Every structure is written in C-alpha cells, then in structure tokens.
Amino acid sequence: MLLKMLTQAMGVSGNEQEVRDIILKEIHGHCDGITVDRIGNIIAYKKGTANKNKKVMLSAHMDEIGLIVTGITDTGFIKFKPVGGIDSRILLSKKVLIGENKIPGVIGIKAIHLQDPSEREKAIKVKNMYIDIGAKNKEDAEKNVHLGDYIGFDSDYIPFGDNLIKTKALDDRVGCAILIDMLKERYACDLYAAFTVQEEVGLRGAGVAAYTVNPDVALVVEGTTCSDVPGAEEHESATYLGSGPAISIMDRTSYSNKKLSQFLYELAKKNNIKVQYKRTTFGGNDAGKIHVTGEGIPTAAISVPCRYIHSPTSVMSLEDYEACKKVVQLFLYGIENFEIKKWEVIK
Amino acid sequence: MSTNDFLLTLSSLTAVSGYEHVSLTEIKKFFQPYCDLVYDDKMGNIIGVKKTKTKTPHKVMLAAHMDEIGLMVKSIDEKGFIKFTNIGGVDQRLLLAQEVIVHGKEELFGVISAKPPHLQSKEEANKAVKMEDLVIDVGMEAEKVKKLINIGDIVSFRSSLTTLMNKYICGKSMDNRVGVAVMIECLKELNRQDIDVELYAAATVQEEVGLRGATVISYDINPDIGIAIDVCHGDTPDVSKDETYVTSKGPVITLGPNIHPKLAKKIMNIAKEYNIPFQTDVDPGNTGTDAWAIQVTRAGIPTLLVSIPLRYMHTTVETVCYNDIANAGKLLAIFIRKLEGELGELLCY
C-alpha cells in the first residue's frame, strides 16, 4: 500500500533519497517529463489537453522531522540534535533507526527509581539525551554510526479505531501519496507535481521548485495539525479528525489566495465531500515560499488533519485522506474555468 | 526456539501486575519441556517442578516475577478519550506519544495524547506533562469506546523487542521477563541431569505492587533455599557508576542483610571456579525484590539474589545484554548441581 510504503521510508530533511526513489518508481510511465533538480526536488510534468491551458503546480514535501547524529560518547552512546520542530518531551523511551543501514537504537532515560522526585516534574533537554545502540565504546559504535547520520523514528503503520491509521511521517507523505495518484490522470491544465525537499527546516525546496516551474496557480497538499484533543480549547483545535480536508486561510507564512480557497471549499461542498477550514494560524507550509516566488503566485493549501503531528505516533483518518484526494482531483479538473486575476495596468 | 525468539515471546506477553492470568497458559508452556510438573496456585503464581531421586530431598526455589508495570482505565470522557492511572512505578515523562493496548472486551490499540506543544506556554514546555493531563486515544466514538472498555480495564505498553549491537536486546517488560528467561536457561542447563535437590522454578505475580506473589509461594513451598532473580540498574550516561552495574559484564550477586552470607560466598566461588563473570552489589537493607519477602517466610529462609543489569528500568525500552542472562542461567545451574547431601553446614550460621 502506497501510504504505508511512503510513511515507513526514512526521509529526514536533507536526506530524502529513499522517499525520492519510491516516488520516482511510482510515477514512472505516468508523466511526460520528470526532473530531479539540484536541490533534490522531483518535478513531474503532465501535459494538459486544453489548447490554451493553465500551468498548475501541486506541491507536497518529501521530508519529515527527525534527528541527526552530532557526537559519540567515549562509552559508545550517540548524541544528537533535532532536525525540524520537535517537542523534546516526546523523544523519551522511543525507538529510532540510524543512518543508511538503519541501525536500531533507543532513546533511554534514567530509571524512575534513581530520580529525585523534583526531576520527575521537569522536561529533559535534548542536550542531556542520548541513544543506546548497544555499543561497547566509541570505537565499537563508530563501526555502525557516523557523525551526520540521519535518525528517523521506528514506528510501524497500524490501522485502528474508526478507520484511522497510526504511523510516522504523515506530514507530508500523505501529500506525496495524493500527488502520485493525481499524476495517473490527465487534465485540461498542464500539471506540474513538485515533490519538495527540506520543508521542515525552512521551506527550502519549494521556493526553488516554484521558481523553476513558475506556475499560474499552485496548490500545496499537506498533513496539518489536528488538536481536537483534551487540553486544547474548542477554538484552539485547528481541525477536526474525520471532518474532511482542511483548507487554509492564513498561517505564519502566507495568506492563501482567497478566491482559490473559496473555489476549493465550494467544489467540495457541491460534490458532497466533507470539508473544513483550518481555524488556527499556527505553523506554515510550502505555500509560504511559493506564493512570493517570481511575480507572486496565487496559492492555496489543502491538508489532511493529523493528530500528534511531528511525533512518531501521528494519527490520520483514511476517510479524510480519500476526501482530500477527491477535492484535489476536482480542483485539477475544474481549474481551467477558474479566473486568475491579473493586475490591471492603470493608463 | 532460539534464545531471541523465546525472549521475544516472553516480552510480548501481557502480564500487568494483578492481571498476569491472561498470559498464564503461554508462560506455562516455557516451563513444560524442562519440568516434571507445572502448576499454578490461587494467586496465579506459576511453578515448575524438577524432581529428584533423592529421598526426603532439600528444596530449592528460584523465583522471578513475571508481572510488568502498566496503566489502568480511570474514566472515559464525552469524546471517547480515556483517562488512566499507573500500575507500578511509571515515569510520567515517557508517556507522551507512547503506544498502548487497552485490554477491554477487545484489545484496542491506542496512543497517549496530550495538549499539543504549540498550544502550550513556554513555562509549560519546560515541565513534564502530568499523568492526570494525559489521555489515551483509541480513535473511536465515545459510545463505542464505552461499549468496549470498562473502568478498571488494564492497559499495557506496546513495544516490540529490538536487537541492538553486541547481543543487547530492548523492549517492554524486560523487568522481569529476563528473570523468567534466566530460570528457563537454568532449567535447560539441568535438563536430563539428575540433581540432589528438588527444584521449584516460580514465576511470581504482583512483585511491582508489593512482592505479593513471592510471599505466598514461598510459604507454600517452604524451600530450604530461596533464590530471587530480578533486574538491577544498568550503566547509562546519566547515572553515576556507583548506582549501576555494567551490562554485559555478568550477573550481579547481592550482599547484605537480605542475603545469606554463606550462600553468597558459595555462588561467588563457583562463578570464579567456572570462569563465569559476575559483579557484586552491596545492599544495606531492603533489596526491593522478591528476596525481601522470601527471607522472612515461615521460620525464615536462606536467600540469594541474582540480578541482571538493565538499562532504563520501567520504560518501554528496557535494555539488557543477552550474555548476562545466559551466564546467570549457567551459574545457577552449576550452583544447584553442587548442592549435594546434607546442607546443614552451608545453611547454619
């Protein structure tokens, strides 16, 4: 299954090779042109059927949050730093896989018996954490682990509950999976599917891809925060699980093109597909770079709600995923009739 | 079954304190090939007996607790999220983003959830999330959750066994399935061999909540020698060397008031004679293990404690080195084989 394969692959920002290889294999034979650019983005092109067609770019990032090896102690434990935004408190007592050979390791913590009661109230800082790979000492560890090795979470793909799944890296392999499926059809518009790198460390790949493609309109397909859990107030829950894909209005990096967002929302409503607006303005995504590329590109974002995003136990509804896929497809079929407002020159 | 396979199965079984019976049949199976008799008592302790041809033999009891720490359902909210409490000592800091199985009418997968980090203040982010602010998300509507799960249902951690370098293995409930593994390794060593003593290998219940199974089983068996097998703290970078023992450097033999001095001397001498690596632990009082309960049963029982160094005790990534398990099994087998004839002199002060 595509989503399982994609989420189980390792692709911490800067090390997207494994994900890239899967995508290249999956889209092979479905495109009119595929390039991997110099920063590692995949740009897949599918020619449209219309005479004077729009250039549409879909974008999903291949990378995921993770860790990177920064040192090895004399006793053979691995020191690390986070890559992308991670709440360090989720790291304790978790399993990881290190480097190309996926060497298993665990992030340990001092036994509760050996802690002062006051310690139990404090969060542990990343600089005080370490990974145990079972090495005898530094030299022994260096046989398997090297400085700069990327570290991903070891978290399997599990269906559970009411048509939900738990896995790592749903942000944004869910977008990658949708883009792959979109390339299997042909539309009136010219389609460029950009699978981007390094979103989690500052939207690095998307800007480059948008510059190369220079589309008339762009749609970012994402996995986004879903905080409909105890501890969060009603107004704080960005999205609801099971209520369909979420369309962004604004976040820390961009305002979505209002007409484009409305267009998406109405498409879903008209076709009886569950849809919601993302109700908080936290975070950001590739739209932040795309919408200010070149002369500016009308950009919108549609996302599958994910609980516990940026953790090894991300949770998503398969219904939301299917609904998001449908809306993106309707968007591609309908975009030819969408009027893009050009700036008028005042004479 | 290869050593790793059998630990894999042992570790994967659910036996949260007080609810060990759900894995009773499975755990019994490990003893059957090497024992003349396997039975369980009223509390759920499992006992494997290896008989002897000696008339009126002395009795030796090995005891390793099979229970593990876990959680218990406290309430279910209107959205179907589950509030929980702990069974045994659980560090609240490691619960975030942890995977669990809720043992209701069905086994339900769930993840532990909390207020998302971006909604927390800076001060909150520097603090540990309190257990009372955490919930389990089983991804179902409240109505369904309430149908399948009752208050008081147990929750176990879900963490598969992982093999690291140098025969290190890591997973949940290694405290104290490794003790059970040591008993089985010992029974394997003694398989098809005649011994002079009658050997009882007991997998005990409810150690984590107060050494309860061991109390009852040592009263019932009333052995001449009781040997508790448990885990002790392994070496990690965040703990001083004085508080820990080095993993892979052999089982740990405890000295102190909980331990019969002559027995300790004997087992150490045997280890030296047979070149089995071991380490020594000095415990000035309560060892916090089944040995503490066994020692004062009935008229008093000479007691030993053999431990396996284990890193990250009471987490989902408890880590041990298999060599220590194998060495402990071997050492105990030789020790038992060497208990011949009258034990009076060995056991008297």
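The following conversation works through several helices and the chain contacts of a predicted model.

Trainee: How far apart are the end C-alpha atoms of helix α7 of chain B, and what span should its residues give?

Mentor: Helix α7(B) runs over residues 261-273, which makes 13 residues. At 1.5 Å a residue, counted over one less than the number of residues, the helix should span 18 Å. The model agrees with this expectation, because the end C-alpha atoms of α7(B) are also apart by 18 Å.

Trainee: Which residues of α7(B) are buried, and over what arc around the axis do they lie?

Mentor: In α7(B), the buried residues are Leu263(B), Ile267(B) and Ala271(B). An α-helix has 3.6 residues a turn, so residues three or four places apart point the same way. The buried residues of α7(B) are accordingly on the same side of the helix, since the arc they cover around the axis is only 75°.

Trainee: Which residues lie on the other side of α7(B), and are they buried or exposed?

Mentor: While the buried residues of α7(B) are covered by elements of chain B that include β13, β14, β16 and α9, the other side of the helix holds Pro261(B), Asn269(B), Lys272(B) and Glu273(B). These residues on the other side of α7(B) are exposed.

Trainee: Why is helix α6 of chain B described as largely enclosed, and which elements do its buried residues pack against?

Mentor: Helix α6(B) covers residues 212-221, and seven of its ten residues are buried, so it is largely enclosed by the rest of the structure. Among the buried residues are Arg212(B), Val216(B) and Ile221(B). The elements of chain B that the buried residues of α6(B) pack against are β2, β3, β12, β13 and α8.

Trainee: How are helices α4 and α8 of chain A oriented to each other?

Mentor: The axes of α4(A) and α8(A) come within 10 Å and cross at roughly 45°, in a right-handed crossing. The residues that meet there include Val174(A) and Ile178(A) from α4(A), with Tyr321(A) and Leu332(A) among those from α8(A). An angle of roughly 45° is neither under 35 degrees nor within 65 to 115, and the two helices are therefore oblique.

Trainee: Which element gives the largest share of the side of chain B that touches chain A?

Mentor: In this pairing, 52 residues of chain B are in contact with 52 residues of chain A. The elements of chain B that give two or more residues to this side are β7, β8 and β11. The largest share, three residues, comes from β7(B).

Note on methods. Residues numbered from 1 in each chain as written. Chains lettered and ligands numbered in written order. Predicted model: local features only at pLDDT ≥ 70, side-chain atom pairs only at ≥ 80, totals over all residues. Helix = DSSP H or I, 4+ residues; strand = E, 2+ residues; numbered from the N terminus. Buried ≥ 20, exposed ≤ 12 C-beta atoms within 10 Å, placed from the backbone. Arc of directions from axis to C-beta. Contact = placed C-beta atoms within 7 Å. Axes fitted to C-alpha atoms, helices over the stretch in contact; angles between N-to-C directions. Parallel < 35°, antiparallel > 145°, perpendicular 65-115°, else oblique. Left-handed = near helix turned anticlockwise from the far one by under 90°.
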